[in-house]
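Visitor: I have a model on my screen and want to learn how to read its empty spaces. Can you take me through them?

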Amino acid sequence: MPRNRPTVPYRLSKSRFTSGLQCHKKLWWEVHEPDALELQPDKVLQDLFDQGRQVGEAARTRYPGGVLIDLPHNARAERLAATQAALDAGAPAVFEATFIADNTFVAIDVLEKQGDGYHLTEVKSSTSQKDEHISDVAIQARVAAACGVNITAAAVLHLNKGFRNPDTGDLFARTDVTAPVAAFLPQVPDEIARQREMLAGPLPDVPIGLHCFEPRECPFMDRCWPGTPDHIRHLAGVGPKRTAAYLARGITSIGDLPAKEKLNFTQRRQLKAMAENRIIVEPTLRGELEPLIVPGRLGFLDFETIARAIPVWPGMAPWQQAAAQFSYHERQPDGSYTHAAFLAEGPQDARPLLAAAMVRATANAERVVMYTPFEKTRIRELQRAVPELAAELAALEAKLIDLHPVVKNCVYHPDFRGSFSLKYILTPLVPELTYSDLVIVDGRVASVEIARLLFVADKIPRQERDRVRQDLLNYCERDTWAMVKLVERLRELATA
Ligand code: SF4
């Protein structure tokens with residue numbers, strides 16, 4: 001429930017301002033319902049914050065003599081005073097320099113003294129400067145300028161795609177944004193006024209649209225978007241932009257599509273399956289499954305990966321994914337299954353050990369099934385990262401069969417809801433297979449949990465470490481077993 005309205009006007013901040021630029025309704029909920037379930041950071045979001053903090057700390061090492069305003073964000077008066085003291089003392093750079101104007105609070109990542117003025121730098125953990133960074137910098141420049149700080153240039157310091165661990169190239173790249181920020185600045189005071197007025201009133205009425213996805217997906221989607229399975233956003237292959245375009249044409253459900261609408265085969269199959277409320281299986285499924293009919297051993301492979309903002313293993317770029325875990329099931333000629341698994345331990349480069357274990361496990365397989373090209377990409381990366389096993393890894397790559405296009409080309413169940421991701425298709429196709437007994441059920445959570453185990457293990461109690469390790473092993477094993485069951489089901493469907 002919304003809290004009682006305060007008697008003082010609502011305060012804005014850099015993050016509130018940029019949130020309000022995305023959607024006033026979103027900002028209203030964030031301010032009036034700060035304890036909303038949707039706003040509690042999950043493990044994945046918390047990890048993103050942690051990565052951002054590490055990048056911020058690394059950026060500060062570029063400014064020798066810089067002074068950090070190292071005080072809690074709610075100690076506003078102390079922060080303002082400390083910032084002023086650092087500026088008065090002529091600090092070459094002030095980190096988290098704090099200003100308040102128009103009842104708006106900002107803490108600037110780096111405020112660097114340059115001649116008679118200051119350069120404002122926003123540090124980002126992304127690998128490029130993005131459009132949304134402009135308003136982010138502009139609100140800071142506006143507030144600082146209103147406090148009498150002469151901002152003469154603005155930049156975004158982001159991670160450099162070309163950097164390679166440990167020290168090839170510069171970890172950061174700088175993009176000057178002085179001109180676009182100056183062009184945006186005239187809009188800032190009016191938008192601040194609009195947001196503060198809006199916050200003092202009732203929940204605003206904002207229609208859903210592309211802004212719900214950009215610049216990042218809104219946490220309140222379930223409140224605003226209808227959960228109906230025939231909503232137009234569930235049309236196969238339709239992303240945010242085309243969904244918004246349909247909504248703009250007044251097409252809100254799949255049933256609203258005009259008969260003459262140009263649709264691809266997959267979408268037509270979806271419409272038919274929905275209209276007849278039954279699974280559709282193309283006669284071509286039998287042929288597409290033929291590569292899986294092997295007299296010898298058939299493997300099923302799945303990876304889990306880590307991706308760190310500041311790359312951790314040799315040759316890796318910022319945010320590059322690296323395999324750190326695999327699960328492998330293999331059907332033996334007698335019809336039984338064996339299982340092999342690997343999960344990295346410790347912060348050192350896990351790829352050589354992982355590659356060796358995987359090459360051993362898959363050596364006798366005739367073909368190896370995976371879902372989407374994700375595993376193929378990781379195996380190609382491993383060929384570069386572990387050159388001594390490049391030939392064996394290339395041989396494994398040649399055995400791969402991707403099941404994703406097979407399902408996409410041949411099967412549609414109304415409960416797919418327009419998606420062919422493994423998690424979406426499994427329950428409709430293999431209802432007896434469940435993840436409900438598992439603690440980890442999501443690849444993104446698995447990724448941050450692996451990274452936690454590898455790089456901050458000393459901060460996790462031994463018991464918890466063992467438990468998370470087992471949770472990860474269970475999750476990855478279930479993914480490959482799911483593929484085993486999926487192939488069995490597809491075979492049944494092909495012969496039915
Ligand atoms: S889902 Fe869309 S309309 Fe609703 S609050 Fe979020 S951005 Fe605004």
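Visitor: Where does the ligand sit?

Guide: Start with the general idea. Rolling a probe the size of a water molecule over the atoms shows where empty space is left. Keep in mind that this is a predicted model. Here, the ligand sits in the largest cavity.

Visitor: How many cavities of 30 Å³ or more does a search of the whole structure find?

Guide: One. The space in this largest cavity comes to about 100 Å³.

Visitor: Which residues lie nearest the centre of the largest cavity?

Guide: Look for C23, H211, C212, C218 and C224. They belong to a lining of 15 residues.

Visitor: What is the make-up of that cavity lining by class?

Guide: Count 11 nonpolar, two polar and two charged residues.

Visitor: Which helix gives the largest share of the lining of the largest cavity?

Guide: That is α2, with three residues. Both α2 and α8 supply at least two residues of this lining.

Visitor: Now the ligand itself. Which residues surround the ligand?

Guide: A shell is read from the ligand outwards, and a lining from the empty space. Around the ligand you find C23, K25, K26, W29, V206, H211, C212, C218, F220, M221 and C224. By class, the shell holds eight nonpolar, one polar and two charged residues.

Visitor: Which elements each supply at least two residues of the shell around the ligand?

Guide: Trace α2 (24–32) and α8 (221–224). The largest share of the shell, three residues, is from α2.

Visitor: Let us turn to pockets. How much space lies in the second largest pocket?

Guide: A pocket is open, whereas a probe in a cavity cannot get out. The second largest pocket holds about 420 Å³ of space. Its lining has 18 residues, and D47, D50, R308, R452 and V456 are the closest to its centre.

Visitor: What classes of residue line the second largest pocket?

Guide: Eight residues of this lining are charged, seven are nonpolar and three are polar.

Visitor: Which element supplies the largest share of the lining of the second largest pocket?

Guide: Find α3, which gives seven residues. Both α3 (43–60) and α17 (443–455) provide at least two residues each.

Visitor: Let me repeat the main points. The ligand sits in the largest cavity, and α2 gives the largest share of the shell around the ligand. For the second largest pocket, the largest share of the lining comes from α3.

Guide: That is the reading. Now find each of these residues on your screen.

Technical notes. Residues are numbered from 1 along each chain as its sequence is written. This is a predicted model: local features need pLDDT of at least 70, side-chain atom pairs count only at pLDDT 80 or more; totals for chains, interfaces and linings use all residues. Side-chain values use heavy atoms; hydrogens and water are left out. On a 1 Å grid over the protein atoms alone, a cavity is a set of points where a 1.4 Å probe fits but cannot get out, and a pocket is an open set with protein on both sides within 12 Å along at least five of seven lines; lining residues have an atom within 4 Å of a point. Grid points are joined across faces, edges and corners, and a volume is the space filled by probe spheres set on the points. Helices (H or I, at least four residues) and strands (E, at least two) are DSSP runs, numbered from the N terminus. Ala, Val, Leu, Ile, Met, Phe, Trp, Tyr, Cys and Pro count as nonpolar, Asp, Glu, Lys and Arg as charged, and the others, Gly among them, as polar. A residue is near a molecule or strand if one of its heavy atoms lies within 4 Å of it. A molecule sits in a cavity or pocket if more than half of its atoms lie within 2 Å of its grid points.
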